[in-house]
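Hi,

Here is the structure I promised to pass on to you. Have a look at it first, and then read on for what I found.

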Amino acid sequence: MDKLKQHFINREEEVISIKDLYKSFENLDVLKGINFSLYKGENVAILGKSGTGKSVLIKIIVGLLKPDKGHLQVLGKEVNTLSKRELDALRLRIGFSFQSSALYDGMNVYQNLAFPLRMNLKNLSKKDINLAVERVADAVSLKDKLSQMPSDLSGGQRKRIGIARTLILKPEIMLYDEPTAGLDPITSTEIIELINQVQHRFNTSSIIITHDLTCAKCTSDRIAMLLDGKFSKVGTFDEVFETNDNQIKEFFNYNFM
Ligand SMILES: Nc1ncnc2c1ncn2[C@@H]1O[C@H](COP(=O)(O)OP(=O)(O)OP(=O)(O)O)[C@@H](O)[C@H]1O
Ligand SMILES: [Mg+2]
């Protein structure tokens, strides 16, 4: 199930550019000099042990946390200089699939999917909303679940609806935090295929944070390994894991045993 290379990556265009980025919490130094580029059309998987700062990094990318030092450009904007309004406008161009699926339990699937449109694009007709909801529900193969409540869906279906909900605003960048965590292997495979379909169909660039090496291998064009606050190794899956570095070998062995 290796990744099919049907998409075009433009290495001249950086959609995310990070230079020498630092972040600490009180006495805890989490990010200690991150350098990274995500190119247009590219999927990059970020790997690293629990607590190494992967979620902190994507929260910084969407402006939910402020870095202590360093440069961060997203879609050509220096994130830390933006006003609240400019930041809101930028966030509309980024789809963020949270570690937990975070659907609204009191709304059915249709209402969950329509919610970002209703909140952000005020002048849409009922017909426009219907079309957009159907389009994303179809993209995640759950058109027949629109009237169901989130509690009646499986974990994998909730994940897919969470992804559909971010797709509805046609994001240019997708950030997936642990998309396959807690899912059985078959459902994981469906999510992996969905991530690849999203890249091809919506021409997005993505960061996929994962502990799941199958997911990393199958969804990403490059892997970035976060070790001790820095990207110690960035490259294709084979480049990263053909190594004598014990910390990287340990990660690989642990995952594939
Ligand atoms: N708002 C915060 N205030 C204080 N400490 C925080 C905050 N957010 C994260 N941390 C700490 O920063 C470190 C990195 O957290 P982060 O959530 O990025 O880890 P992670 O790499 O995503 O781990 P996991 O794989 O378990 O999701 C942790 O030690 C965490 O406790
Ligand atoms: Mg995390």
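Please keep in mind that this is a predicted model. I started with the ligand. Around ligand 1 you will find Phe-25, Leu-28 and Val-30, then Gly-48, and then the run Ser-50, Gly-51, Thr-52, Gly-53, Lys-54, Ser-55 and Val-56. Strand S2 (28-40) and helix H1 (54-61) each contribute at least two residues to this shell, and H1 gives the most, with three. By character, the shell around ligand 1 has six polar residues, four nonpolar ones and one charged one.

Next, the strands. S1 (residues 10-25) runs antiparallel to S4 (residues 69-74), and five bridges join the two. One place to look is Ser-17, which stands opposite Gln-73 of S4. Gln-73 also has a bridge partner in S5, namely Glu-78. S5 itself covers residues 77-78 and pairs with S4 in the antiparallel sense over two bridges. S4 and S5 form a hairpin with two residues between the strands, and there Leu-75 takes a positive phi near 50 degrees.

On to the overall layout. The domain assignment splits the chain into domain 1, made of 10-93 plus 171-256, and domain 2, which is 107-170. Their C-alpha centres are 25 Å apart. Where they touch, 13 residues of domain 1 are in contact with twelve residues of domain 2. Which helix gives the most to the domain 1 side of this contact? That is H6 (residues 185-202), with seven residues. The domain 1 side as a whole divides into nine nonpolar, two polar and two charged residues.

Finally, there is a helix pair that I enjoyed looking at. H3 (residues 109-120) packs against H4 (residues 126-139) at an angle of about 115 degrees, and the axes are 10 Å apart. The crossing of H3 past H4 is right-handed. On the H3 side, the contact is made by Tyr-110, Leu-113, Ala-114 and Leu-117, while H4 brings Ile-129, Ala-132, Val-133, Val-136 and Ala-137. How many of these residues are nonpolar, polar or charged? Nine are nonpolar, and the contact of H3 with H4 has no polar and no charged residues.

If you open the model with a viewer, the shell of ligand 1, with Lys-54 and Ser-55 among its residues, makes a good starting point for a tour.

Best wishes

How values were computed. Residues are numbered from 1 along each chain as its sequence is written. Chains are lettered from A and ligands numbered from 1 in the order in which they are written. This is a predicted model: local features need pLDDT of at least 70, side-chain atom pairs count only at pLDDT 80 or more; totals for chains, interfaces and linings use all residues. Axes are lines fitted to C-alpha atoms, for helices over the stretch in contact, and angles run from 0 to 180 degrees between N-to-C directions. Helices (H or I, at least four residues) and strands (E, at least two) are DSSP runs, numbered from the N terminus. A crossing is left-handed if the near helix is turned anticlockwise from the far one by less than a right angle, and right-handed if clockwise. Two residues are in contact if their C-beta atoms, placed from the backbone, lie within 7 Å. Ala, Val, Leu, Ile, Met, Phe, Trp, Tyr, Cys and Pro count as nonpolar, Asp, Glu, Lys and Arg as charged, and the others, Gly among them, as polar. Domain bounds come from an automatic or database domain assignment. Two strands pair if DSSP finds at least two bridges between them. A residue is near a molecule or strand if its C-beta atom, placed from the backbone, lies within 6 Å of it.
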